[in-house]
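Open the model in your viewer and switch to a cartoon view. Follow the stops below in order.

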Amino acid sequence: MASSSSGSEQAGRTPFDRRSSSNSQQSHEGLFLHEFKHEDIHVSCPEKIVICVDLSQEVQTSTVNYRDNDVSILLLWKSALELFVWNKSMLNSEHQFALVVLTDTAHWFCDFNSDPECVSNAINSLQPMEENFETFDNATLYSTIYENCPPPPPTDNPLLPPPFTVRVILLYGRSHSLPVFKGEPRARTELYSSPYFFLDVFYAHDPPGPSNSSETIFYILAEMNPNPKSVVLDWSHSVTHLFSFFAKLLAHPLQRPLQSLMQNKLLPSSSNEPSS
């Protein structure tokens, strides 16, 4: 279903809009009231980033109007992911990226690689499936991650950085297919018990309404990860917001603040001018 990017974020507020508005009203106060501890402060360390891409038919048939052309969500994802990988690699060349594809279950697609060109080629090779799926078994996501990339054990000194962190970036683009948990909870429990595991969720959806399950899916995805430093972003067909969201994901999960405390704004030009 085609949707224009102009004004789409303002016409009908999404679940994330309502939550983020409430957070933004308290963000300035929260910045001063939040008690930062030594566990909150870390130097940068390499990340192992697992990019999980939904390949259901819906991410191909759902389109966004961009420069007078209808562009699929998957194609926009590929562009944003490619830019993210190159920028992240510029920040630290030791970051590694792997790919997982989502159908009705999760499948390990491309092993870890620190070469952004190789990772970009793998991203661009992704092709959508020719069918939609009634559900997605997110238990297979946890088991796939844990089998291929378990987080490192905690360090004895909490001020020392780990050898690496594991971050999963989940891109989910279905408005009708509910994520369900069908398997054993062991892998999920093991991952969430680590202070070095993070799950960031990016949800692209149609505007919530009686004809879809977008709002229900959003809350399921938001509750998947109890880690307060993880990020949950939802998106309703604005190209500008898409790339803005991926820019937020450049921050290292050990160094970024809680999502409710994030402030993303440009200072007025006069504030940047040296005082006379």
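The tour goes from the sheet to its helices and then to two cysteines.

**Stop 1: the sheet.** Keep in mind that this is a predicted model. Select the strands of the open sheet. There are 6 of them, in the order 6-5-2-8-10-11, with mixed pairing. Now find the edges: strand 6 (106–113) and strand 11 (232–235) each pair on one side only. From one strand to the next, the twist averages 15°.

**Stop 2: a strand pair.** Select residues 47–54, which are strand 2, and residues 165–172, which are strand 8. In which sense do strand 2 and strand 8 pair? They pair in the parallel sense, over 7 bridges. Strands of a sheet pair through backbone hydrogen bonds. Show Ile51 next; opposite it, in strand 8, stands Ile169.

**Stop 3: two helices.** Select residues 139–148. This is helix 5, packed on the sheet. Helix 5 touches strands 2, 5, 6, 8 and 10. Its direction makes about 30° with that of strand 6. Move on to residues 214–222, helix 7. Helix 7 lies across strand 8, strand 10 and strand 11. It runs at about 170° to strand 10.

**Stop 4: the cysteines.** Show Cys110 and Cys118. Why is there no bond between the sulfurs of Cys110 and Cys118? The two sulfurs are 8.3 Å apart, which is too far. A disulfide needs the sulfurs within 2.5 Å. A search of the whole structure finds 0 disulfides. Finish with a surface view. Cys110 counts as partly exposed because its relative accessibility is 21%. Cys118, at 37%, also counts as partly exposed.

Methods: Residues numbered from 1 in each chain as written. Predicted model: local features only at pLDDT ≥ 70, side-chain atom pairs only at ≥ 80, totals over all residues. Heavy atoms only, no water. Pairing = 2+ DSSP bridges. Helix = DSSP H or I, 4+ residues; strand = E, 2+ residues; numbered from the N terminus. Axes fitted to C-alpha atoms, helices over the stretch in contact; angles between N-to-C directions. Contact = heavy atoms within 4.5 Å. Buried < 20%, exposed > 50% of the residue type's maximum accessible area, 1.4 Å probe, protein only.
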